[in-house]
Amino acid sequence: MTQSVSGRNPRPDTLADVLERVLDKGVVIAGDIVVNILDIELLSLKLRLFVASAQTAQEMGMDWWTRDEFFTSQGSGGSKKNGEVEGGRAPAELEAENNQLRERIERLEQAISDRELPERSEGSNRSGKAQQEEER
Amino acid sequence: MTAGDARGLYLFAIVGSTAVDLSGLPGIAGGDSPRLVGSGDLAAVVTDVPLSALDVREEEVTEDGRLARMAMDHDTVIRAVFEQTPALPLRLATVVGDEDAARRLLEERSAEIRDLLARLAGHQEWGVRLRREGAAPDANTERERDRAARPSGRDYLQARREALRASQEQRHAVRQAGDEVYRALAEHATDATRLSGGGAADLLLNATYLVPIAATQEFRDVVEKYATDLAAGGVQVELTGPWPPYSFAQVTIGSQAAADG
């Protein structure tokens, strides 16, 4: 049944790839037959936290914890464990903030450029914006 | 929790064949190689495990810790089995008391098991991710260049407006590309599902497909086509697989307690 597919092989599976497939998936057997040993769901969630670097995990979209206060509060000190989290702040948080700011700037710039403001030559961008505020 | 020396039977997968070569495969937690426990034409791929080995403590939950190794061993065995015969992957850390319990499971749930095996037979799972490379670098470089050249305010605004429109169009197109690719590939698959994208801003699509083995080449050709088409727009297509049908075996067997044995 092994199907060798011609052409290039897909990239080799990483630990993160495997975990994405294995954790919380597969047939569950209900009933008394199964021995309940550990809260695998909970542990597997926690494992995601440690999977490879925060970078890899983020690539996998497994970055839910970056929005979790419990984890992010530890990160603010720039702890060794999360060494790859830039600046110690949750990347997703920064990303979201960046996006918000970027969109705000874009909206502002759009508003300004729509009005053209040709005669108000040069000056600094600051004053342009300020004057526009006054006009409202 | 569990007594120190108590042992159980770890279940990797259920197969519809009693002829599966398991030699050389890892057990769980460094235990014995897996073996088959059969009942009729169904069999469970199992290994003995001390229950204490599965008693993972929180501080052991690390990248190379016990749980991670268990996940890798689990996958290694299931993959090897799956390459030989259709297999139902069981949830990580599924343990029954002993061989009798395993046989009882196979007998009592044989109808459900057969149905599932039949549905998944002749299929493999393939994962497809679409990732945007270096999100919107154009707008930024543009901004830098503008700043360096110190253009007039008017030129600046004009350039910015164009860049804005371009980046908006690009963002829109890119979002649509994810949906389009998902649907287009689904047409070449028996089943499809989207995996969690989490909050990753550059991940446009994280999907997985149940593909008939006979249609593998066709599926991969379509993936290849999109990879080529989207590369120009800075979107990278990643393909993983073939996988055992983990994502399409998310089923609970025996919803009412099977305790009447």
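Helices (H or I, at least four residues) and strands (E, at least two) are DSSP runs, numbered from the N terminus. The model here is predicted: local features need pLDDT of at least 70, side-chain atom pairs count only at pLDDT 80 or more, and totals for chains, interfaces and linings use all residues. Residues are numbered from 1 along each chain as its sequence is written, chains are lettered from A and ligands numbered from 1 in the order in which they are written, and side-chain values use heavy atoms, with hydrogens and water left out.

**Exercise 1. Find the cis peptide bond that ends at Pro242(B), and say which strand holds Pro242(B).**

Step 1: Go to the bond from Gly241(B) to Pro242(B); its omega is near 0 degrees, so to speak the signature of cis.
Step 2: Place Pro242(B) in the chain: it sits in strand β8 of chain B.
Step 3: Compare with the usual case: most peptide bonds are trans.

**Exercise 2. Work out the strand order of the open four-stranded sheet in chain B.**

Step 1: Two strands pair if DSSP finds at least two bridges between them.
Step 2: Following the pairs gives β6-β7-β5-β8 (chain B), with antiparallel pairing.
Step 3: The ends are β6 (191–194) and β8 (235–243) of chain B, each paired on one side only.
Step 4: Check one pair: β5 (residues 123–132) and β7 (residues 203–212) of chain B share nine bridges. Arg129(B), for instance, has Asn206(B) in β7(B) as its bridge partner.

**Exercise 3. Which residues have the most contacts inside the largest nonpolar core, and which element gives the most to that core?**

Step 1: A nonpolar core is a set of buried Ala, Val, Leu, Ile, Met, Phe, Trp, Tyr and Cys residues joined through side-chain atoms within 4.5 Å. Buried means under 20% relative accessible area, exposed over 50%, partly exposed in between (1.4 Å probe, protein chains only).
Step 2: The largest core has 33 residues, and Tyr10(B), Phe12(B), Met70(B), Val81(B) and Leu92(B) have the most contacts inside it.
Step 3: α1(B) gives the most, with seven residues.
Step 4: Look for another core: a second, separate one has 26 residues, including Ile33(A) and Val96(B).

**Exercise 4. Ala29(B) and Ala93(B) both have a positive phi. Is each one buried or partly exposed?**

Step 1: Most residues other than glycine have a negative phi, so a positive one is worth a look.
Step 2: Ala29(B), phi about 55 degrees, is in the loop between β1 and β2 of chain B. Its relative accessibility is 47%, so Ala29(B) is partly exposed.
Step 3: Ala93(B), phi near 65 degrees, lies in strand β4 of chain B. Its relative accessible area is 12%, so Ala93(B) is buried.
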